[in-house]
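Trainee: Got a minute to walk me through this one? I'm new to it and would like to ask as we go.

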Amino acid sequence: MSKEEIKIIPLGGVAEIGKNMMLYEFDDQILIVDCGVMFPDEEHPGVDLIIPDFAYLRDNRKRIAGLALTHGHEDHVGAMGYFLSEFPEVTIYGGPLTLGIMKARLRESPVDANAIKTKEVSPGESAQIGPFNVEWLRVGHSIPDACGLAITTELGTVIQSGDFKWDQSPVDGKAPMISRFAHYGEQGVLALLSDTTNSTRPGSCESESSVRPALERIFADAPGRILLATFGSNVHRVQQVLDIAHLYGRKVAYTGRSMLNISGIATELGYLKPPSPTIDIEQIDDHADDKVVIVMTGSQGEPMAALSKVARGQNRFLTLKDNDTVVFSSTPIPGNESAVYKVINALCMNGVHVFRAPHDHVHVSGHGNREDLKLMLNLTKPEFAIPYHGEPRHALAYADLCEELGIDRPTIPFLQVGDVLSVKPGAIDIIDQVPAGAVLVDGLTIGDVGYSVLRDRKHLNDDGVVVATVILDKKSGAILSGPDITQRGFLHAPSNADFLAKAEERVEDKLQGLRGGMSGDEAGISRLVRETLSDVFWTQLRRRPMILPVVMEV
(Lines give C-alpha, C1' and ligand atoms only; values in the text may rest on other atoms or scores of the structure.)
Protein backbone atom coordinates (compact mmCIF):
# COMPACT_ATOMS: atom_id res chain seq x y z
CA MET A 1 0.00 0.00 0.00
CA SER A 2 1.33 3.43 -0.95
CA LYS A 3 1.44 6.61 1.08
CA GLU A 4 -0.74 8.41 -1.44
CA GLU A 5 -4.01 7.93 0.44
CA ILE A 6 -5.52 7.22 3.84
CA LYS A 7 -8.16 4.55 3.83
CA ILE A 8 -10.97 4.84 6.38
CA ILE A 9 -12.97 1.65 6.93
CA PRO A 10 -15.90 1.52 9.38
CA LEU A 11 -16.56 -1.94 10.82
CA GLY A 12 -19.39 -0.39 12.85
CA GLY A 13 -20.79 2.92 14.03
CA VAL A 14 -21.99 4.34 10.70
CA ALA A 15 -25.66 4.32 9.62
CA GLU A 16 -26.29 3.04 13.16
CA ILE A 17 -25.67 3.94 16.79
CA GLY A 18 -23.52 1.33 18.47
CA LYS A 19 -20.70 -1.18 17.91
CA ASN A 20 -18.29 1.60 17.02
CA MET A 21 -15.13 0.42 15.29
CA MET A 22 -13.17 2.50 12.76
CA LEU A 23 -10.05 1.45 10.85
CA TYR A 24 -7.43 3.77 9.39
CA GLU A 25 -4.98 2.37 6.83
CA PHE A 26 -1.79 4.13 5.81
CA ASP A 27 1.64 2.88 4.73
CA ASP A 28 0.40 -0.72 4.90
CA GLN A 29 -0.53 -0.50 8.59
CA ILE A 30 -3.88 -0.35 10.37
CA LEU A 31 -4.92 1.79 13.31
CA ILE A 32 -8.14 0.66 15.02
CA VAL A 33 -10.28 3.16 16.91
CA ASP A 34 -12.77 1.74 19.44
CA CYS A 35 -14.39 -1.67 19.63
CA GLY A 36 -17.92 -1.51 21.02
CA VAL A 37 -21.16 -3.41 21.24
CA MET A 38 -24.70 -2.73 20.14
CA PHE A 39 -27.62 -3.86 22.25
CA PRO A 40 -30.29 -5.95 20.48
CA ASP A 41 -33.81 -4.75 19.73
CA GLU A 42 -37.03 -6.64 19.04
CA GLU A 43 -35.59 -7.77 15.70
CA HIS A 44 -33.01 -9.88 17.57
CA PRO A 45 -34.94 -12.15 19.96
CA GLY A 46 -32.73 -14.08 22.37
CA VAL A 47 -29.57 -12.21 21.35
CA ASP A 48 -27.47 -10.76 24.17
CA LEU A 49 -25.09 -8.49 22.26
CA ILE A 50 -24.13 -7.48 18.74
CA ILE A 51 -20.44 -6.95 17.99
CA PRO A 52 -18.46 -5.97 14.88
CA ASP A 53 -17.29 -8.62 12.43
CA PHE A 54 -13.51 -9.05 12.75
CA ALA A 55 -13.13 -11.01 9.48
CA TYR A 56 -11.13 -8.29 7.71
CA LEU A 57 -8.81 -7.92 10.69
CA ARG A 58 -8.24 -11.68 10.82
CA ASP A 59 -7.01 -11.55 7.23
CA ASN A 60 -4.78 -8.55 7.98
CA ARG A 61 -3.71 -9.12 11.60
CA LYS A 62 0.00 -8.62 10.88
CA ARG A 63 -0.71 -5.09 9.69
CA ILE A 64 -2.46 -3.95 12.91
CA ALA A 65 -0.37 -1.23 14.57
CA GLY A 66 -2.59 -0.74 17.64
CA LEU A 67 -6.03 0.10 18.97
CA ALA A 68 -6.95 3.54 20.38
CA LEU A 69 -9.99 4.06 22.62
CA THR A 70 -11.88 7.37 22.73
CA HIS A 71 -13.80 6.70 25.98
CA GLY A 72 -15.26 3.99 28.19
CA HIS A 73 -18.90 3.62 27.10
CA GLU A 74 -20.11 0.14 26.15
CA ASP A 75 -20.71 1.08 22.52
CA HIS A 76 -16.99 1.92 22.28
CA VAL A 77 -15.23 -0.62 24.55
CA GLY A 78 -17.86 -3.33 25.18
CA ALA A 79 -16.50 -5.75 22.55
CA MET A 80 -12.89 -5.57 23.71
CA GLY A 81 -13.12 -8.96 25.43
CA TYR A 82 -14.10 -10.59 22.14
CA PHE A 83 -11.41 -8.67 20.26
CA LEU A 84 -8.58 -9.46 22.69
CA SER A 85 -9.49 -13.14 22.81
CA GLU A 86 -8.56 -13.21 19.10
CA PHE A 87 -5.88 -10.48 18.98
CA PRO A 88 -4.05 -10.61 22.34
CA GLU A 89 -0.89 -9.21 20.78
CA VAL A 90 -2.43 -5.81 19.97
CA THR A 91 -1.50 -2.88 22.25
CA ILE A 92 -4.48 -0.89 23.56
CA TYR A 93 -4.16 2.89 24.08
CA GLY A 94 -6.57 4.98 26.15
CA GLY A 95 -7.20 7.22 29.14
CA PRO A 96 -6.86 5.94 32.73
CA LEU A 97 -10.60 5.60 33.39
CA THR A 98 -11.25 4.17 29.93
CA LEU A 99 -8.65 1.45 30.42
CA GLY A 100 -9.91 0.84 33.97
CA ILE A 101 -13.47 0.24 32.74
CA MET A 102 -12.20 -1.95 29.91
CA LYS A 103 -10.17 -4.13 32.28
CA ALA A 104 -13.14 -4.49 34.61
CA ARG A 105 -15.20 -5.74 31.68
CA LEU A 106 -12.46 -8.21 30.75
CA ARG A 107 -12.94 -9.96 34.10
CA GLU A 108 -16.24 -11.22 32.69
CA SER A 109 -14.44 -12.72 29.67
CA PRO A 110 -11.82 -15.46 29.22
CA VAL A 111 -9.15 -12.77 28.67
CA ASP A 112 -6.61 -12.22 31.46
CA ALA A 113 -6.75 -8.46 32.06
CA ASN A 114 -3.25 -8.57 33.56
CA ALA A 115 -1.75 -10.17 30.45
CA ILE A 116 -2.88 -7.67 27.83
CA LYS A 117 -0.67 -4.85 26.58
CA THR A 118 -1.95 -1.36 27.36
CA LYS A 119 -0.53 2.16 27.24
CA GLU A 120 -2.14 4.90 29.29
CA VAL A 121 -2.54 8.17 27.41
CA SER A 122 -4.12 11.13 29.20
CA PRO A 123 -5.91 13.97 27.39
CA GLY A 124 -3.35 16.26 25.77
CA GLU A 125 -0.81 13.46 25.33
CA SER A 126 0.21 11.73 22.11
CA ALA A 127 1.31 8.26 21.10
CA GLN A 128 3.14 7.10 17.99
CA ILE A 129 1.26 4.04 16.76
CA GLY A 130 3.03 2.75 13.66
CA PRO A 131 2.88 5.54 11.03
CA PHE A 132 0.10 7.30 12.98
CA ASN A 133 0.79 10.02 15.52
CA VAL A 134 -2.35 10.15 17.68
CA GLU A 135 -3.18 12.96 20.11
CA TRP A 136 -6.02 12.55 22.61
CA LEU A 137 -8.07 15.80 22.77
CA ARG A 138 -10.42 16.20 25.73
CA VAL A 139 -14.07 16.84 24.90
CA GLY A 140 -17.21 17.08 26.98
CA HIS A 141 -19.34 13.94 27.24
CA SER A 142 -21.29 11.94 29.81
CA ILE A 143 -18.19 10.14 31.05
CA PRO A 144 -14.75 11.44 32.11
CA ASP A 145 -11.70 10.90 29.88
CA ALA A 146 -13.80 11.28 26.72
CA CYS A 147 -11.56 12.39 23.86
CA GLY A 148 -11.47 13.12 20.20
CA LEU A 149 -8.43 11.91 18.30
CA ALA A 150 -6.11 13.86 16.02
CA ILE A 151 -4.58 11.19 13.77
CA THR A 152 -1.61 12.57 11.86
CA THR A 153 0.26 10.87 9.02
CA GLU A 154 2.72 12.08 6.38
CA LEU A 155 -0.30 12.76 4.16
CA GLY A 156 -2.22 14.90 6.64
CA THR A 157 -4.38 14.89 9.77
CA VAL A 158 -7.73 13.21 10.24
CA ILE A 159 -9.73 14.16 13.34
CA GLN A 160 -12.24 11.73 14.79
CA SER A 161 -14.41 13.76 17.14
CA GLY A 162 -15.46 10.92 19.42
CA ASP A 163 -18.74 11.40 21.28
CA PHE A 164 -18.61 15.07 22.20
CA LYS A 165 -20.17 18.31 23.31
CA TRP A 166 -18.60 21.61 24.38
CA ASP A 167 -19.18 21.75 28.15
CA GLN A 168 -17.92 25.19 29.20
CA SER A 169 -18.62 24.64 32.91
CA PRO A 170 -17.73 21.00 33.51
CA VAL A 171 -18.30 19.45 36.91
CA ASP A 172 -14.62 18.48 37.28
CA GLY A 173 -13.32 21.81 35.98
CA LYS A 174 -11.57 20.15 33.02
CA ALA A 175 -12.72 22.06 29.96
CA PRO A 176 -12.68 20.70 26.39
CA MET A 177 -9.40 21.32 24.56
CA ILE A 178 -10.88 23.80 22.13
CA SER A 179 -7.50 25.42 21.49
CA ARG A 180 -6.00 22.11 20.32
CA PHE A 181 -8.82 21.53 17.86
CA ALA A 182 -8.26 25.09 16.61
CA HIS A 183 -4.52 24.42 16.40
CA TYR A 184 -5.08 21.51 14.04
CA GLY A 185 -7.54 23.62 12.07
CA GLU A 186 -4.84 26.25 11.51
CA GLN A 187 -2.32 23.54 10.54
CA GLY A 188 -4.78 21.99 8.11
CA VAL A 189 -7.17 19.07 8.64
CA LEU A 190 -7.68 16.65 5.79
CA ALA A 191 -10.91 15.15 7.13
CA LEU A 192 -13.19 15.36 10.16
CA LEU A 193 -15.25 12.38 11.28
CA SER A 194 -17.97 13.92 13.41
CA ASP A 195 -20.46 12.60 15.96
CA THR A 196 -23.93 13.29 14.49
CA THR A 197 -26.16 11.90 17.26
CA ASN A 198 -27.88 15.24 17.95
CA SER A 199 -27.58 16.75 14.48
CA THR A 200 -31.37 17.17 14.36
CA ARG A 201 -31.48 19.24 17.58
CA PRO A 202 -31.16 23.03 17.31
CA GLY A 203 -28.95 25.19 19.49
CA SER A 204 -26.21 24.00 21.83
CA CYS A 205 -26.25 21.20 24.36
CA GLU A 206 -26.43 22.34 27.98
CA SER A 207 -23.65 21.77 30.48
CA GLU A 208 -23.71 18.80 32.82
CA SER A 209 -23.63 21.23 35.73
CA SER A 210 -26.99 22.71 34.60
CA VAL A 211 -28.88 19.80 36.20
CA ARG A 212 -27.71 20.70 39.70
CA PRO A 213 -30.40 23.31 40.55
CA ALA A 214 -33.23 20.89 39.75
CA LEU A 215 -31.57 18.11 41.73
CA GLU A 216 -31.07 20.46 44.69
CA ARG A 217 -34.77 21.36 44.68
CA ILE A 218 -35.71 17.67 44.70
CA PHE A 219 -33.32 16.97 47.58
CA ALA A 220 -34.66 19.93 49.52
CA ASP A 221 -38.31 18.88 49.16
CA ALA A 222 -38.13 15.07 49.31
CA PRO A 223 -39.86 13.87 52.50
CA GLY A 224 -38.21 10.45 52.57
CA ARG A 225 -35.66 8.38 50.69
CA ILE A 226 -34.41 9.42 47.27
CA LEU A 227 -33.81 6.70 44.67
CA LEU A 228 -31.87 8.13 41.72
CA ALA A 229 -31.33 6.07 38.58
CA THR A 230 -28.67 6.98 36.05
CA PHE A 231 -25.94 5.34 33.99
CA GLY A 232 -23.11 3.96 36.11
CA SER A 233 -20.63 5.58 33.71
CA ASN A 234 -22.06 9.08 34.24
CA VAL A 235 -19.46 9.81 36.90
CA HIS A 236 -20.04 13.58 36.86
CA ARG A 237 -23.77 13.08 37.53
CA VAL A 238 -22.94 10.79 40.42
CA GLN A 239 -20.44 13.37 41.72
CA GLN A 240 -23.15 16.02 41.78
CA VAL A 241 -25.47 13.67 43.66
CA LEU A 242 -22.72 13.00 46.21
CA ASP A 243 -22.11 16.73 46.66
CA ILE A 244 -25.81 17.59 47.03
CA ALA A 245 -26.39 14.67 49.40
CA HIS A 246 -23.55 15.93 51.58
CA LEU A 247 -25.08 19.42 51.52
CA TYR A 248 -28.41 18.06 52.80
CA GLY A 249 -26.93 15.61 55.28
CA ARG A 250 -27.90 12.45 53.38
CA LYS A 251 -25.87 9.25 53.20
CA VAL A 252 -25.35 7.72 49.75
CA ALA A 253 -25.51 4.02 48.90
CA TYR A 254 -24.91 2.43 45.49
CA THR A 255 -26.74 -0.57 44.06
CA GLY A 256 -26.65 -2.27 40.67
CA ARG A 257 -23.64 -4.10 39.25
CA SER A 258 -22.40 -1.47 36.79
CA MET A 259 -22.98 1.32 39.30
CA LEU A 260 -20.93 -0.50 41.93
CA ASN A 261 -18.19 -1.42 39.47
CA ILE A 262 -17.71 1.94 37.81
CA SER A 263 -18.11 4.04 40.96
CA GLY A 264 -15.47 1.84 42.58
CA ILE A 265 -13.06 2.27 39.67
CA ALA A 266 -13.72 6.02 39.40
CA THR A 267 -13.19 6.51 43.14
CA GLU A 268 -9.99 4.48 43.13
CA LEU A 269 -8.59 6.51 40.21
CA GLY A 270 -9.65 9.85 41.70
CA TYR A 271 -12.37 10.75 39.19
CA LEU A 272 -15.11 10.40 41.81
CA LYS A 273 -14.51 12.18 45.11
CA PRO A 274 -17.18 11.56 47.77
CA PRO A 275 -17.20 14.50 50.22
CA SER A 276 -18.33 12.07 52.93
CA PRO A 277 -18.14 8.26 53.16
CA THR A 278 -20.77 6.25 51.32
CA ILE A 279 -22.63 3.38 52.99
CA ASP A 280 -23.43 -0.16 51.87
CA ILE A 281 -26.94 -0.79 50.61
CA GLU A 282 -27.49 -3.16 53.57
CA GLN A 283 -27.04 -0.19 55.93
CA ILE A 284 -29.80 2.09 54.63
CA ASP A 285 -32.28 0.95 57.30
CA ASP A 286 -29.84 2.14 59.95
CA HIS A 287 -30.59 5.72 58.90
CA ALA A 288 -33.73 7.84 58.82
CA ASP A 289 -35.51 7.84 55.44
CA ASP A 290 -34.89 11.56 54.92
CA LYS A 291 -31.17 10.99 55.41
CA VAL A 292 -30.68 8.43 52.62
CA VAL A 293 -30.00 8.53 48.85
CA ILE A 294 -29.69 5.34 46.78
CA VAL A 295 -27.92 5.75 43.43
CA MET A 296 -28.75 2.87 41.15
CA THR A 297 -28.90 1.41 37.67
CA GLY A 298 -32.13 0.90 35.73
CA SER A 299 -32.72 4.27 34.11
CA GLN A 300 -33.47 2.51 30.81
CA GLY A 301 -36.05 0.13 32.20
CA GLU A 302 -33.74 -2.88 31.93
CA PRO A 303 -35.73 -5.76 33.48
CA MET A 304 -32.83 -7.10 35.56
CA ALA A 305 -31.52 -3.71 36.71
CA ALA A 306 -31.89 -2.51 40.29
CA LEU A 307 -34.72 -0.01 39.79
CA SER A 308 -36.84 -2.42 37.75
CA LYS A 309 -36.57 -5.01 40.49
CA VAL A 310 -37.53 -2.40 43.08
CA ALA A 311 -40.60 -1.44 41.03
CA ARG A 312 -41.64 -5.12 40.85
CA GLY A 313 -41.02 -5.66 44.56
CA GLN A 314 -38.19 -8.12 43.82
CA ASN A 315 -35.15 -6.24 45.14
CA ARG A 316 -33.79 -7.92 48.26
CA PHE A 317 -32.44 -4.67 49.71
CA LEU A 318 -35.20 -2.19 48.91
CA THR A 319 -38.97 -2.15 49.36
CA LEU A 320 -40.82 0.93 48.18
CA LYS A 321 -42.37 3.27 50.75
CA ASP A 322 -45.10 5.86 50.23
CA ASN A 323 -42.79 8.82 50.88
CA ASP A 324 -40.04 7.65 48.50
CA THR A 325 -38.94 9.91 45.65
CA VAL A 326 -37.57 8.37 42.43
CA VAL A 327 -35.49 10.39 39.95
CA PHE A 328 -34.86 9.15 36.41
CA SER A 329 -31.69 11.13 35.73
CA SER A 330 -31.63 10.15 32.07
CA THR A 331 -33.83 10.04 29.00
CA PRO A 332 -34.89 6.80 27.29
CA ILE A 333 -32.59 5.59 24.55
CA PRO A 334 -34.68 5.20 21.35
CA GLY A 335 -36.36 1.81 21.55
CA ASN A 336 -36.40 1.73 25.36
CA GLU A 337 -39.38 4.04 25.86
CA SER A 338 -41.97 1.34 26.57
CA ALA A 339 -39.69 -0.41 29.08
CA VAL A 340 -39.03 2.87 30.91
CA TYR A 341 -42.72 3.82 31.03
CA LYS A 342 -43.57 0.35 32.33
CA VAL A 343 -41.23 0.91 35.28
CA ILE A 344 -42.56 4.44 35.85
CA ASN A 345 -46.14 3.14 35.89
CA ALA A 346 -45.21 0.43 38.38
CA LEU A 347 -43.60 3.05 40.62
CA CYS A 348 -46.63 5.34 40.39
CA MET A 349 -48.91 2.42 41.30
CA ASN A 350 -46.91 2.22 44.52
CA GLY A 351 -47.61 5.87 45.29
CA VAL A 352 -44.05 7.00 44.62
CA HIS A 353 -43.32 10.53 43.41
CA VAL A 354 -41.35 10.29 40.12
CA PHE A 355 -39.19 13.00 38.53
CA ARG A 356 -37.92 12.49 35.00
CA ALA A 357 -36.56 14.35 32.02
CA PRO A 358 -37.64 16.26 30.01
CA HIS A 359 -40.49 17.23 32.37
CA ASP A 360 -37.91 18.00 35.06
CA HIS A 361 -34.41 19.27 34.28
CA VAL A 362 -32.62 16.26 35.75
CA HIS A 363 -30.69 15.18 32.65
CA VAL A 364 -28.69 16.63 29.76
CA SER A 365 -27.31 14.83 26.73
CA GLY A 366 -23.66 13.98 26.29
CA HIS A 367 -23.79 14.80 22.57
CA GLY A 368 -23.54 18.19 20.94
CA ASN A 369 -26.46 19.83 19.13
CA ARG A 370 -26.29 21.55 15.73
CA GLU A 371 -24.45 24.65 16.96
CA ASP A 372 -21.88 22.44 18.70
CA LEU A 373 -21.31 20.49 15.50
CA LYS A 374 -20.88 23.76 13.61
CA LEU A 375 -18.28 24.91 16.12
CA MET A 376 -16.31 21.69 15.62
CA LEU A 377 -16.37 22.30 11.87
CA ASN A 378 -15.31 25.93 12.23
CA LEU A 379 -12.49 25.07 14.61
CA THR A 380 -11.02 22.24 12.55
CA LYS A 381 -11.77 23.63 9.06
CA PRO A 382 -11.60 20.21 7.41
CA GLU A 383 -11.22 19.74 3.69
CA PHE A 384 -13.74 16.89 3.98
CA ALA A 385 -16.51 16.32 6.54
CA ILE A 386 -17.58 12.72 7.24
CA PRO A 387 -20.66 11.93 9.37
CA TYR A 388 -20.50 8.95 11.73
CA HIS A 389 -22.00 7.81 15.06
CA GLY A 390 -25.57 8.24 13.92
CA GLU A 391 -28.37 6.77 11.90
CA PRO A 392 -28.97 7.77 8.25
CA ARG A 393 -31.36 10.56 9.33
CA HIS A 394 -28.61 12.02 11.51
CA ALA A 395 -26.09 11.84 8.67
CA LEU A 396 -28.51 13.62 6.34
CA ALA A 397 -29.14 16.38 8.91
CA TYR A 398 -25.37 16.74 9.34
CA ALA A 399 -24.91 17.08 5.59
CA ASP A 400 -27.50 19.88 5.58
CA LEU A 401 -25.59 21.56 8.39
CA CYS A 402 -22.32 21.26 6.46
CA GLU A 403 -23.92 22.89 3.44
CA GLU A 404 -24.89 25.84 5.63
CA LEU A 405 -21.17 26.30 6.31
CA GLY A 406 -20.22 26.17 2.65
CA ILE A 407 -19.09 22.54 2.37
CA ASP A 408 -20.03 21.01 -0.97
CA ARG A 409 -22.58 18.28 -0.48
CA PRO A 410 -21.10 15.93 -3.15
CA THR A 411 -17.91 15.71 -1.03
CA ILE A 412 -19.81 14.40 2.03
CA PRO A 413 -19.76 10.58 1.98
CA PHE A 414 -22.62 8.56 3.47
CA LEU A 415 -20.78 5.49 4.69
CA GLN A 416 -22.09 1.98 5.25
CA VAL A 417 -20.38 -0.63 7.41
CA GLY A 418 -17.55 -2.18 5.38
CA ASP A 419 -17.08 0.70 2.93
CA VAL A 420 -13.49 1.60 2.04
CA LEU A 421 -13.19 5.38 1.89
CA SER A 422 -10.09 6.76 0.18
CA VAL A 423 -9.05 10.22 1.38
CA LYS A 424 -6.20 12.34 0.06
CA PRO A 425 -5.70 16.05 -0.54
CA GLY A 426 -8.23 17.13 -3.15
CA ALA A 427 -10.06 13.80 -3.42
CA ILE A 428 -12.44 11.60 -1.44
CA ASP A 429 -14.22 8.51 -2.74
CA ILE A 430 -15.68 5.17 -1.66
CA ILE A 431 -13.56 2.72 -3.63
CA ASP A 432 -14.25 -0.74 -2.26
CA GLN A 433 -15.99 -2.93 0.32
CA VAL A 434 -14.49 -5.32 2.88
CA PRO A 435 -16.22 -8.19 4.71
CA ALA A 436 -18.16 -6.58 7.55
CA GLY A 437 -21.45 -6.69 9.35
CA ALA A 438 -22.90 -7.76 12.66
CA VAL A 439 -21.92 -10.78 14.75
CA LEU A 440 -24.63 -11.91 17.16
CA VAL A 441 -23.70 -13.09 20.65
CA ASP A 442 -26.15 -15.46 22.33
CA GLY A 443 -24.88 -16.70 25.70
CA LEU A 444 -21.56 -18.40 24.99
CA THR A 445 -22.39 -18.73 21.30
CA ILE A 446 -20.65 -16.17 19.08
CA GLY A 447 -21.54 -15.84 15.43
CA ASP A 448 -23.53 -19.08 15.10
CA VAL A 449 -26.84 -17.29 15.54
CA GLY A 450 -27.61 -16.31 11.96
CA TYR A 451 -30.59 -14.52 10.56
CA SER A 452 -32.28 -17.83 9.71
CA VAL A 453 -32.24 -18.60 13.44
CA LEU A 454 -33.72 -15.18 14.20
CA ARG A 455 -36.42 -15.77 11.58
CA ASP A 456 -37.37 -19.04 13.26
CA ARG A 457 -37.41 -17.37 16.69
CA LYS A 458 -39.74 -14.64 15.42
CA HIS A 459 -41.95 -17.29 13.84
CA LEU A 460 -42.15 -19.19 17.13
CA ASN A 461 -42.81 -15.97 19.01
CA ASP A 462 -45.61 -14.87 16.68
CA ASP A 463 -47.36 -18.16 15.87
CA GLY A 464 -46.13 -20.93 18.18
CA VAL A 465 -45.06 -24.46 17.23
CA VAL A 466 -46.94 -27.67 16.42
CA VAL A 467 -45.24 -31.06 16.58
CA ALA A 468 -47.01 -33.92 14.77
CA THR A 469 -45.71 -37.40 15.60
CA VAL A 470 -46.49 -40.40 13.42
CA ILE A 471 -45.14 -43.95 13.80
CA LEU A 472 -45.47 -46.19 10.72
CA ASP A 473 -44.86 -49.85 10.01
CA LYS A 474 -41.70 -49.99 7.94
CA LYS A 475 -42.89 -52.88 5.77
CA SER A 476 -46.54 -52.13 5.20
CA GLY A 477 -46.64 -48.37 5.74
CA ALA A 478 -49.57 -48.82 8.15
CA ILE A 479 -50.02 -46.27 10.93
CA LEU A 480 -48.98 -47.83 14.22
CA SER A 481 -49.40 -44.69 16.33
CA GLY A 482 -50.60 -41.18 15.78
CA PRO A 483 -50.74 -38.75 14.35
CA ASP A 484 -50.38 -37.12 17.77
CA ILE A 485 -50.27 -33.32 17.88
CA THR A 486 -48.39 -31.46 20.59
CA GLN A 487 -48.37 -27.68 20.46
CA ARG A 488 -46.96 -24.73 22.38
CA GLY A 489 -47.89 -21.07 21.96
CA PHE A 490 -50.43 -21.86 19.22
CA LEU A 491 -53.81 -22.62 20.82
CA HIS A 492 -55.25 -22.97 24.29
CA ALA A 493 -55.31 -26.76 24.25
CA PRO A 494 -58.27 -27.50 26.63
CA SER A 495 -60.69 -25.26 24.71
CA ASN A 496 -59.48 -26.44 21.30
CA ALA A 497 -59.16 -30.17 21.90
CA ASP A 498 -61.90 -30.97 19.34
CA PHE A 499 -60.25 -28.87 16.65
CA LEU A 500 -56.87 -30.53 17.22
CA ALA A 501 -58.48 -33.98 17.17
CA LYS A 502 -60.06 -33.17 13.79
CA ALA A 503 -56.67 -31.98 12.51
CA GLU A 504 -55.20 -35.33 13.56
CA GLU A 505 -58.00 -37.15 11.72
CA ARG A 506 -57.31 -35.09 8.58
CA VAL A 507 -53.65 -36.10 8.63
CA GLU A 508 -54.60 -39.74 9.28
CA ASP A 509 -56.97 -39.71 6.28
CA LYS A 510 -54.22 -38.34 4.04
CA LEU A 511 -51.77 -40.98 5.21
CA GLN A 512 -54.32 -43.79 4.84
CA GLY A 513 -54.81 -42.66 1.27
CA LEU A 514 -51.20 -43.44 0.49
CA ARG A 515 -51.83 -47.17 0.96
CA GLY A 516 -48.17 -47.83 1.65
CA GLY A 517 -47.08 -46.05 -1.49
CA MET A 518 -44.64 -43.85 0.40
CA SER A 519 -43.24 -46.42 2.81
CA GLY A 520 -39.57 -45.66 3.37
CA ASP A 521 -39.89 -42.07 2.21
CA GLU A 522 -39.80 -40.24 5.56
CA ALA A 523 -39.09 -36.89 3.90
CA GLY A 524 -42.11 -37.25 1.62
CA ILE A 525 -44.38 -38.29 4.50
CA SER A 526 -43.11 -35.34 6.61
CA ARG A 527 -43.90 -32.99 3.75
CA LEU A 528 -47.42 -34.40 3.43
CA VAL A 529 -48.05 -34.00 7.19
CA ARG A 530 -46.74 -30.42 7.13
CA GLU A 531 -48.77 -29.41 4.07
CA THR A 532 -51.96 -31.01 5.42
CA LEU A 533 -51.73 -29.31 8.81
CA SER A 534 -50.69 -26.01 7.24
CA ASP A 535 -53.80 -26.11 5.04
CA VAL A 536 -56.07 -26.93 8.00
CA PHE A 537 -54.66 -24.22 10.23
CA TRP A 538 -54.79 -21.55 7.54
CA THR A 539 -58.27 -22.31 6.19
CA GLN A 540 -59.81 -22.72 9.65
CA LEU A 541 -57.86 -20.19 11.72
CA ARG A 542 -55.79 -18.01 9.36
CA ARG A 543 -52.75 -19.02 11.42
CA ARG A 544 -49.35 -20.33 10.30
CA PRO A 545 -47.55 -21.94 13.25
CA MET A 546 -44.18 -23.60 12.83
CA ILE A 547 -44.99 -27.24 12.02
CA LEU A 548 -42.47 -29.94 12.88
CA PRO A 549 -43.44 -33.43 11.64
CA VAL A 550 -41.76 -36.33 13.41
CA VAL A 551 -42.07 -39.51 11.31
CA MET A 552 -40.63 -42.79 12.57
CA GLU A 553 -40.76 -46.15 10.85
CA VAL A 554 -40.40 -49.32 12.93
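Mentor: Sure, let's begin with Lys 381, which is partly exposed, with a relative accessible area of 46%. Keep in mind that this is a predicted model.

Trainee: Okay, where is Lys 381 in the chain?

Mentor: Lys 381 sits in the loop between α11 and β18. Its phi is near 50°, a positive value in a residue other than glycine.

Trainee: Which other residue, not a glycine, has a positive phi?

Mentor: Asp 145 is one of them, with phi near 70°. You'll find Asp 145 in the loop between β9 (132-138) and β10 (147-153).

Trainee: Is Asp 145 buried or exposed?

Mentor: Asp 145 counts as buried because its relative accessibility is 12%, and the cut-off for buried is under 20%.

Trainee: Back to β18, then. How many of its residues are buried?

Mentor: Six of the seven residues in β18 (residues 382-388) are buried, so the strand is mostly covered.

Trainee: And how does strand β12 run relative to β18?

Mentor: They run parallel, with six bridges joining β12 (residues 189-195) to β18. Within that pairing, Leu 193 has Ile 386 of β18 as its bridge partner.

Trainee: What about α11, on the other side of that loop? At what angle does it pack with α5?

Mentor: Helix α5 (residues 178-187) and α11 pack at about 50°, and their axes are 6 Å apart. That makes α5 and α11 oblique to each other. On the α5 side the contact is made by Ile 178, Phe 181, Ala 182 and Gly 185; on the α11 side it is made by Met 376, Leu 379 and Thr 380.

Trainee: New topic: sheets. What's the strand order in the open sheet of five strands?

Mentor: The order is β14-β15-β13-β16-β17, and the pairing is parallel. β14 (251-255) and β17 stand at the edges with a single partner strand each, so one side of each has no neighbour in the sheet. From one strand to the next, the twist averages 20°.

Trainee: How many bridges are there between β14 and β15?

Mentor: Five, and β14 pairs with β15 (residues 292-296) in the parallel sense. Val 252 stands opposite Val 293 of β15 there.

Trainee: Which helix lies across those two strands?

Mentor: Helix α8 (residues 257-268) lies across β14 and β15, running at about 120° to β14.

Trainee: And at the other edge, what comes after β17?

Mentor: The loop between β17 and α11, and Pro 358 lies in it. The peptide bond from Ala 357 to Pro 358 is cis, with omega near 0°. Ser 365 is in the loop between β17 (353-356) and α11 (370-380) too.

Trainee: What does the side chain of Ser 365 make a polar contact with?

Mentor: With the side chain of Asn 198, at 3.1 Å. Leaving out neighbours within four places in sequence, Ser 365 touches Lys 165, Asn 198, Arg 201 and Cys 205. Ser 365 counts as buried, at 17% relative accessibility.

Trainee: Where does Ser 330 fit in?

Mentor: Ser 330 is in the loop between β16 (325-328) and α10 (337-349). Ser 330 counts as buried at 3% relative accessibility, and its side chain has a polar contact of 3.4 Å with that of Ser 299. Not counting residues up to four places away in sequence, the contacts of Ser 330 include Ala 357 and His 363.

Trainee: Last topic, salt bridges. How many are there?

Mentor: The count comes to 24. One of them joins Arg 63 and Glu 25, with the closest N and O atoms 3.5 Å apart. Arg 63 lies in the loop between α1 (55-59) and β5 (64-68) and Glu 25 in β2 (residues 21-26), so the pair ties together parts that are 38 residues apart in sequence.

Trainee: Are those two buried or exposed?

Mentor: Arg 63 counts as buried at 15% relative accessibility, and so does Glu 25 at 1%. Turn to Arg 393 and Glu 391, which form a salt bridge at 2.9 Å: Arg 393 counts as partly exposed at 47%, and Glu 391 counts as partly exposed at 29%.

Trainee: Which residues are linked in a network of salt bridges?

Mentor: Glu 74, Arg 105, Glu 108 and Arg 257 are linked that way.

Methods. Residues are numbered from 1 along each chain as its sequence is written. This is a predicted model: local features need pLDDT of at least 70, side-chain atom pairs count only at pLDDT 80 or more; totals for chains, interfaces and linings use all residues. Side-chain values use heavy atoms; hydrogens and water are left out. Buried means under 20% relative accessible area, exposed over 50%, partly exposed in between (1.4 Å probe, protein chains only). Helices (H or I, at least four residues) and strands (E, at least two) are DSSP runs, numbered from the N terminus. Two strands pair if DSSP finds at least two bridges between them. A salt bridge is a side-chain nitrogen of Lys or Arg within 4 Å of a carboxyl oxygen of Asp or Glu. A polar contact is a pair of N or O atoms within 3.5 Å; within protein, one must be able to donate a hydrogen and the other to accept it, and residues adjacent in sequence count only if both atoms are side-chain atoms. Contact means heavy atoms within 4.5 Å. Axes are lines fitted to C-alpha atoms, for helices over the stretch in contact, and angles run from 0 to 180 degrees between N-to-C directions. Angles under 35 degrees count as roughly parallel, over 145 as roughly antiparallel, 65 to 115 as roughly perpendicular and the rest as oblique.
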